[in-house]
Amino acid sequence: MILITVPAFQNLFSLHDIQLKHFRRYNYKSLYHVLDQAGYKIID
């Protein structure tokens, strides 16, 4: 079991993200899709 935290809400993308080397932000649906495609089973 793993807990994942990611930058959220693409509309908040800013210079701060660039400085931290974030390439994107996620919402629940987009993160779920990425994890599902990678073969992870989402339980909660």
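Helices here are DSSP runs of type H or I with at least four residues, numbered from the N terminus. The model in these exercises is predicted.

**Exercise 1. Overall description**

Task: State how many helices and strands the protein chain has, and describe its extent and surface.

Solution.
- Step 1. The protein chain has two helices and zero strands.
- Step 2. Along the principal axes, its C-alpha atoms fill a box of roughly 35 × 20 × 15 Å.
- Step 3. The accessible surface is about 4,300 Å², and 60% of that belongs to carbon and sulfur atoms.
- Step 4. Of the 44 residues in the protein chain, 11% are buried.

**Exercise 2. Arg24**

Task: Place Arg24 in the chain, decide its exposure class, and list its contacts.

Solution.
- Step 1. Arg24 sits in the loop between H1 and H2.
- Step 2. The class partly exposed runs between the cut-offs of 20% and 50%. The relative accessible area of Arg24 is 46%, so Arg24 is partly exposed.
- Step 3. When residues up to four places away in sequence are not counted, Arg24 touches Pro7, Gln10 and Phe13.
- Step 4. Between Arg24 and Asp36 there are 18 Å in space, C-alpha to C-alpha, and the two are 12 residues apart in sequence.

**Exercise 3. Asp17**

Task: Is Asp17 buried or exposed, and which residues does Asp17 contact?

Solution.
- Step 1. Asp17 belongs to helix H1, which covers residues 15-19.
- Step 2. A residue is buried if its relative accessible area is under 20%. Asp17 has a value of 0%, and therefore Asp17 is buried.
- Step 3. With neighbours within four places in sequence left aside, the contacts of Asp17 are Pro7, Leu12, His22 and Arg25.

**Exercise 4. Positive phi angles**

Task: For Phe9 and Lys21, give phi, the place in the chain and the exposure class.

Solution.
- Step 1. Phe9 has a phi near 65 degrees, which is a positive value in a residue other than glycine.
- Step 2. Phe9 lies in the segment before H1. Its relative accessible area is 52%, and since exposed means over 50%, Phe9 is exposed.
- Step 3. Lys21 also has a positive phi, near 65 degrees, and is a residue other than glycine.
- Step 4. The loop between H1 and H2 contains Lys21. Its relative accessibility is 63%, so Lys21 counts as exposed.

**Exercise 5. An aromatic pair**

Task: Classify the pair formed by the rings of Tyr28 and Tyr32.

Solution.
- Step 1. Rings pair if their centres lie within 6.5 Å. The count comes to one aromatic pair.
- Step 2. The ring centres of Tyr28 and Tyr32 are 6.0 Å apart and the planes stand at 40 degrees. Planes under 30 degrees apart are stacked and those over 60 are edge-to-face, so the pair of Tyr28 and Tyr32 is tilted.
- Step 3. Both residues lie in helix H2 (residues 28-37), four residues apart, about one turn of the helix.
- Step 4. Tyr28 is exposed at 62% relative accessible area, while Tyr32 is partly exposed at 35%.

**Exercise 6. The largest pocket**

Task: Give the volume of the largest pocket and describe its lining.

Solution.
- Step 1. The volume is about 520 Å³.
- Step 2. The pocket is lined by 19 residues, and those closest to its centre are Ile2, Ile4, Leu35, Ile42 and Asp44.
- Step 3. Sorted by type, the lining of the largest pocket has 15 nonpolar, two polar and two charged residues.

Key: Residues numbered from 1 in each chain as written. Predicted model: local features only at pLDDT ≥ 70, side-chain atom pairs only at ≥ 80, totals over all residues. Heavy atoms only, no water. 1 Å grid on protein atoms, 1.4 Å probe; cavity = no way out; pocket = protein on both sides within 12 Å on 5 of 7 lines; lining within 4 Å. Points joined across faces, edges and corners; volume = space filled by probe spheres on them. Nonpolar A, V, L, I, M, F, W, Y, C, P; charged D, E, K, R; others polar. Buried < 20%, exposed > 50% of the residue type's maximum accessible area, 1.4 Å probe, protein only. Contact = heavy atoms within 4.5 Å. Areas by Shrake-Rupley, 256 points an atom, 1.4 Å probe, with all protein chains shown as cover.
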